[in-house]
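Dear colleague,

I am handing over the structure we spoke about, and I would be grateful if you could look through it with the notes below at hand. They begin with one term and then go from the overall fold to particular sites.

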Amino acid sequence: MYTQAMDSLSPAETGPRAVRSLQEQELQARFDARIDAGEFIEAKDWMPEHYRKTLVRQISQHAHSEIVGMLPEGNWITRAPTLKRKAILLAKVQDEGGHGLYLYAAAETLGTSRDQLLDALHTGRAKYSSIFNYPTLTWADVGVIGWLVDGAAIMNQVPICRCSYGPYARAMVRICREESFHQRQGYESLLTLMTRGTQAQKDMVQDAVNRWWWPCLMMFGPPDDQSPNSALSMKWGIKRVSNDELRQKFVDATVDQARLLGVTLPDADLRWNEERQHWDFGAIDWDEFKRVVAGHGPCNHERLQARVQAWDDGAWVREAALAYAAKQAQAAMQEAA
Ligand SMILES: [Fe+2]
Ligand SMILES: [Fe+2]
């Protein structure tokens, strides 16, 4: 995943608070010093309310992205072309579910319950990465998601392993290891299609790359000069590298991979800039990004519906688990008496 658009704060939250007690000022000073020293902040440590809220928002949006991200690829599990590909895809989709669980658990350490977090998703108040609002039209989309979407996610997420909030940083270490497998399985699947496939299969890969390339570049979030709250997240050590820097790193890493694969990245302005020692790339359609984030992408409605349906269908499991836990607790009490 999938951290794009996750540092947005409302103006009420960014404004400085006028009155502060002396004790609060001391706690704040100690907190700032720990952040500056690169120390981890843990769940029971004092933290500014704004830092807590920012983290709850970012981690929960990240968790939502993981579980919504299971849907576009889950769509292809029954139609995977071989047993090997089916097993790989099942493992990957299951990993994404696990990432969601680590992240919901990390968000819960900040004092917000999982029910509250999921309610925000189901009622449309919480965001998730806009990339998962695009459809998976062919089998090549599954490979391209692994290569490009998980590749962009790795770029975004590796710096979060050094995030100042301990539980989030530790969850990310494990997640990044798995994302690396996701990226490689996608690339290997595409390489198979491109080197051993028919012309129709090669065309299918190119078509998938054409459709996913630009939305992948949008995954890094708005340009730095339109992302004013990033500065605060940087100061707090929640964000370590800016949106534009991460996007550039992703483009630089991907151009050679595309060449090796034999596909063309759909950007006529893509060229090596000797002076900058980076690849220049064309203008991103930020209107499309805003439309999709605002809920008007090709699959927003379908994705949210699927999550709400899964929650409703799972009610009996939650009820049974709670009834079992109550029974166990009662038995333990009787034994102790
Ligand atoms: Fe993931
Ligand atoms: Fe992944």
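A residue is called buried here when its relative accessible area is under 20%, exposed when that area is over 50%, and partly exposed in between. By that criterion both Trp 286 and Phe 289 are buried. Please keep in mind throughout that this is a predicted model, and that every value in this message is computed from it.

**Overall fold**

The protein has 14 helices and two strands, and its C-alpha atoms fill a box of roughly 70 × 55 × 35 Å when this is taken along the principal axes. Its radius of gyration is 22 Å, which agrees with the value near 20 Å that a compact globule of 337 residues would have. Of the 337 residues, 50% count as buried, and among the contacts between residues at least 6 apart in sequence, 80% join residues that are at least 24 apart.

**The two iron ions**

I would look at the metal sites before anything else. The iron ion (ligand 1) is coordinated at 2.0 to 2.2 Å by Glu 66 (OE), Glu 96 (OE), His 99 (ND1) and Glu 179 (OE), and along the chain these donors follow the spacing E-x29-E-x2-H-x79-E. The angles among its four donor atoms run from 86 to 146 degrees, and the site of the iron ion (ligand 1) is irregular. Since four donors count as tetrahedral only if all angles lie between 85 and 135 degrees, the upper end of a range can be enough to rule that geometry out. Glu 66 lies in helix α3 and His 99 in helix α5, so this pair ties together parts of the chain that are 33 residues apart in sequence. Glu 66 is buried, as is His 99.

For the iron ion (ligand 2), the protein donors are Glu 96 (OE), Asp 150 (OD), Glu 179 (OE) and His 182 (ND1), which lie 2.0 to 2.2 Å from it. Here the spacing along the chain is E-x53-D-x28-E-x2-H, and the site of the iron ion (ligand 2) is again irregular, with angles of 85 to 159 degrees among the four donor atoms. Asp 150 belongs to helix α7 (residues 139–157) and His 182 to helix α8 (residues 166–196), so the two together tie parts that are 32 residues apart in sequence. Both Asp 150 and His 182 are buried.

How far apart are the iron ion (ligand 1) and the iron ion (ligand 2), and which residue bridges them? The two ions lie 3.4 Å apart, and Glu 96 is the bridging residue.

**Aromatic pairs and charges over rings**

A search of the whole structure finds 10 aromatic pairs. In one of them, the rings of Phe 31 and Trp 46 have their centres 6.2 Å apart and their planes at 80 degrees, so the pair is edge-to-face. This pair links distant parts of the chain, with Phe 31 in helix α2 (residues 22–36) and Trp 46 in the loop between α2 and α3 (49–68), 15 residues apart. Phe 31 counts as buried at 2% relative accessibility, whereas Trp 46, with a relative accessible area of 30%, is partly exposed.

Trp 286 and Phe 289, the residues mentioned at the start, form an edge-to-face aromatic pair as well, at 5.2 Å centre to centre and with 90 degrees between the planes. Both lie in helix α12 (residues 286–296), three residues apart, or about one turn of the helix. Ring pairs also link Phe 31, Trp 46, Tyr 51 and Trp 236 into a cluster.

Two arginines deserve a look beside these rings. Arg 79 lies over the face of Trp 76, at 4.0 Å from the ring centre, and the charged end of Arg 318 sits over the ring of Trp 311, 3.5 Å from its centre.

**Ile 88**

Finally, Ile 88 lies in helix α5 (residues 83–108) and is buried, with a relative accessible area of 19%. Leaving aside its neighbours within four places in sequence, Ile 88 is in contact with Phe 181 and Gln 185. The C-alpha atoms of Ile 88 and Phe 181 are separated by 9.9 Å, although the two residues are 93 apart along the chain.

With best regards

Key. Residues are numbered from 1 along each chain as its sequence is written. Chains are lettered from A and ligands numbered from 1 in the order in which they are written. This is a predicted model: local features need pLDDT of at least 70, side-chain atom pairs count only at pLDDT 80 or more; totals for chains, interfaces and linings use all residues. Side-chain values use heavy atoms; hydrogens and water are left out. Donors are N, O and S atoms within 2.8 Å of the metal (3.2 Å for Na, K and Ca); water is not among the atoms, so sites may look incomplete. Four donors count as tetrahedral if all angles lie between 85 and 135 degrees; four count as square planar and six as octahedral if opposite donors are over 155 degrees apart and all others between 65 and 115; anything else is irregular. Helices (H or I, at least four residues) and strands (E, at least two) are DSSP runs, numbered from the N terminus. Buried means under 20% relative accessible area, exposed over 50%, partly exposed in between (1.4 Å probe, protein chains only). Rings of Phe, Tyr and Trp (its six-membered ring) pair if their centres lie within 6.5 Å; planes under 30 degrees apart count as stacked, over 60 as edge-to-face and the rest as tilted. A charge sits over a ring if NZ of Lys or CZ of Arg is within 6 Å of the ring centre and within 35 degrees of the ring normal. Contact means heavy atoms within 4.5 Å. The radius of gyration is taken over C-alpha atoms; the globule rule is 2.2 Å times the number of residues to the power 0.38.
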